[in-house]
Amino acid sequence: MERVVDLDEAALEIERRRGRWEDAGLTVEPVTWRDEAQEWPQQLMPDRAAVVDADSLGIVLTGLGGELSVVLFRGGWTDSDYFAGLDDFGALPTTAIGSAAAFGDQLDSYVARVFGPLAGTAV
């Protein structure tokens, strides 16, 4: 898979937001990593140091009546699912992501879509 996004930098974008999300009442699960070097089926690893060739990272946020799951692939796209109510759930659209900063912007839009505007969440 082509390396479009630096996943370590993308993880820093998550960490920059973690405190604000938690202050707003969200639970932020640890980032998980998938190692392309592992044989199938690859296990999700919470320890970046244990991953030789990261090809994706994932994050799950819950709280305020919703849940958001986002997986970023180093090729520059996300798979994102959410639940914001019995009649408001599904996949979120993604656009090409060319940088960790663009991933951070997409995360911000996803969080606002699923959980609404969070007080004090400006990055």
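Contact here means heavy atoms within 4.5 Å. The structure is a predicted model, and the exercises below concern its geometry.

**Exercise 1. The surroundings of Arg34**

Determine which strand holds Arg34, which residues Arg34 touches, and which side chain is joined to Arg34 by a polar contact.

*Solution.*
Step 1. Arg34 belongs to strand E2.
Step 2. Leaving aside residues up to four places away in sequence, Arg34 touches Gln42, Gln43, Leu44, Val51, Asp53, Ala54, Asp55, Ser56 and Phe73.
Step 3. One of these, Asp55, has its side chain joined to that of Arg34 by a polar contact of 2.8 Å.

**Exercise 2. The geometry of helix H1**

Describe the span of H1, its kink, and the features found at its N-terminal end and just after the helix.

*Solution.*
Step 1. H1 covers residues 7-23, which is 17 residues. The expected span is 1.5 Å times one less than the number of residues. For H1 this gives 24 Å, and the distance from the first C-alpha to the last is 25 Å, close to that expectation.
Step 2. The helix nevertheless contains a kink of about 40°, centred on Arg17.
Step 3. At the N-terminal end, Asp6 acts as a cap, with a side-chain oxygen 2.9 Å from the backbone nitrogen of Asp8.
Step 4. Just after H1, Gly25 adopts a positive phi of about 105°.

**Exercise 3. The buried residues of H1**

State which residues of H1 are buried and what they pack against, then examine Arg18 as a case.

*Solution.*
Step 1. The buried residues of H1 are Leu7, Ala10, Ala11, Glu13, Ile14, Arg17, Arg18 and Trp21.
Step 2. These buried residues pack against strands E1 (27-28), E2 (32-35), E4 (54-63) and E5 (66-73), and against helix H2 (100-115).
Step 3. Buried means under 20% relative accessible area. Arg18 has 15% relative accessibility and therefore counts as buried.
Step 4. A polar atom of the Arg18 side chain lies 3.0 Å from the backbone oxygen of Val28. Beyond four places in sequence, Arg18 touches Val28, Glu29, Pro30, Val31 and Ile59.

**Exercise 4. Phe103 in helix H2**

Establish whether Phe103 is buried or exposed, and identify its contacts.

*Solution.*
Step 1. Phe103 is located in helix H2.
Step 2. The relative accessibility of Phe103 is 0%, so the residue counts as buried.
Step 3. With residues up to four places away in sequence not counted, Phe103 touches Ala10, Ile14, Leu57, Val70, Leu72, Thr78 and Ile97. Among them, Ala10 and Ile14 are buried residues of H1.
Step 4. Gly76 is 27 residues from Phe103 along the chain, and their C-alpha atoms are separated by 8.7 Å.

**Exercise 5. Strand pairing from E4 to E7**

For the pairs E4 and E5, E5 and E6, and E6 and E7, give the sense of pairing, the number of bridges and the hairpin between the strands.

*Solution.*
Step 1. E4 and E5 are antiparallel and pair over 8 bridges. Thr62 stands opposite Glu67 of E5. The hairpin has 2 residues between the strands, and Leu64 in the turn has a positive phi of about 55°.
Step 2. E5 and E6 run antiparallel and are joined by 7 bridges; Ser69 has Asp81 in E6 as its bridge partner. Their hairpin has 3 residues between the strands, with Gly76 at a positive phi near 105°.
Step 3. E6 (residues 77-85) and E7 (residues 88-91) also run antiparallel, joined by 4 bridges. Tyr82 is partnered by Gly90 in E7, and the hairpin leaves 2 residues between the strands.

**Exercise 6. The aromatic pair**

Find how many aromatic pairs the structure holds and classify the geometry.

*Solution.*
Step 1. The structure holds 1 aromatic pair.
Step 2. The ring centres of Phe73 and Trp77 are 5.0 Å apart and the planes lie at 20°, so the pair is stacked.
Step 3. Phe73, at 10% relative accessibility, counts as buried, whereas Trp77, at 35%, counts as partly exposed.

**Exercise 7. Backbone exceptions**

Locate the cis peptide bond and a residue other than glycine with a positive phi.

*Solution.*
Step 1. Most residues other than glycine have a negative phi, and most peptide bonds are trans.
Step 2. The bond from Trp40 to Pro41 is cis, with omega near -5°. Pro41 sits in the loop between E2 and strand E3 (44-45).
Step 3. Leu64, which is not a glycine, has a positive phi near 55° and lies in the loop between E4 and E5.

Note on methods:
Residues are numbered from 1 along each chain as its sequence is written. This is a predicted model: local features need pLDDT of at least 70, side-chain atom pairs count only at pLDDT 80 or more; totals for chains, interfaces and linings use all residues. Side-chain values use heavy atoms; hydrogens and water are left out. The bend at a residue is the angle between axes fitted to the seven residues ending there and the seven starting there. Buried means under 20% relative accessible area, exposed over 50%, partly exposed in between (1.4 Å probe, protein chains only). A polar contact is a pair of N or O atoms within 3.5 Å; within protein, one must be able to donate a hydrogen and the other to accept it, and residues adjacent in sequence count only if both atoms are side-chain atoms. Two strands pair if DSSP finds at least two bridges between them. Rings of Phe, Tyr and Trp (its six-membered ring) pair if their centres lie within 6.5 Å; planes under 30 degrees apart count as stacked, over 60 as edge-to-face and the rest as tilted.
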